[in-house]
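Trainee: I have the model open. Please walk me through how its parts pack together.

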Amino acid sequence: MSDVIQKIRSGLYVYPEAIQWNDLYKMLTDNLPDVDVPRPLILAASIAIDYDKNQRLIEQIDLAEQYGLLNEAIDILESVPHERWVISRGKLDPNEVPSANES
């Protein structure tokens, strides 16, 4: 398993900034036109908690793996510099209360 995927699955890397996450989404939708690819939790969904954002990213990674696009997904995610990742401050909490300041 790649280092970046391991960091995402462990919750250390929660999700990348919007532009890079959208790149992953676009790659999936371009290659899987007949599959309902879950949208990144950015923009209108930015109030979502970090746990939910991380789980959505994992859903997209799982979809990439299921359809033979994991290497392409890894290439996109590995191109994201460390400072462009939201990093968890500990264990992600599925019961976290959303904050109006989350992005």
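**Packing around two helices**

Trainee: What covers the buried residues of α2?

Mentor: This is a predicted model, where local features need pLDDT of at least 70, side-chain atom pairs count only at pLDDT 80 or more, and totals for chains, interfaces and linings use all residues. Residues are numbered from 1 along each chain as its sequence is written, and side-chain values use heavy atoms, without hydrogens and water. Helices (H or I, at least four residues) and strands (E, at least two) are DSSP runs numbered from the N terminus. Going by contact (heavy atoms within 4.5 Å), the cover includes β1 (13-16), α3 (50-66) and α4 (70-78).

Trainee: Which exposed residues sit on the face of α2 turned away from its buried side?

Mentor: Gln20, Trp21, Leu24, Tyr25, Met27 and Leu28 are buried (under 20% relative accessible area with a 1.4 Å probe, protein chains only; exposed is over 50%, partly exposed in between). They share one side of α2 because their arc (of directions from the helix axis to the C-beta atoms) is only 155 degrees. The face turned away carries Ile19 and Asp30.

Trainee: How far apart are the axes of α2 and α3?

Mentor: Trp21, Leu24, Tyr25 and Leu28 of α2 touch Lys53, Arg56, Leu57, Gln60 and Ala64 of α3. Fitting lines to C-alpha atoms over the stretch in contact, with angles from 0 to 180 degrees between N-to-C directions, gives a packing angle of about 35 degrees and an axis separation of 11 Å.

Trainee: Which residues of α4 are exposed on its other side?

Mentor: Ala73, Ile74, Ile76 and Leu77 are buried in α4. Their arc is 160 degrees, so they line one face. Exposed on the other side are Asn71 and Asp75.
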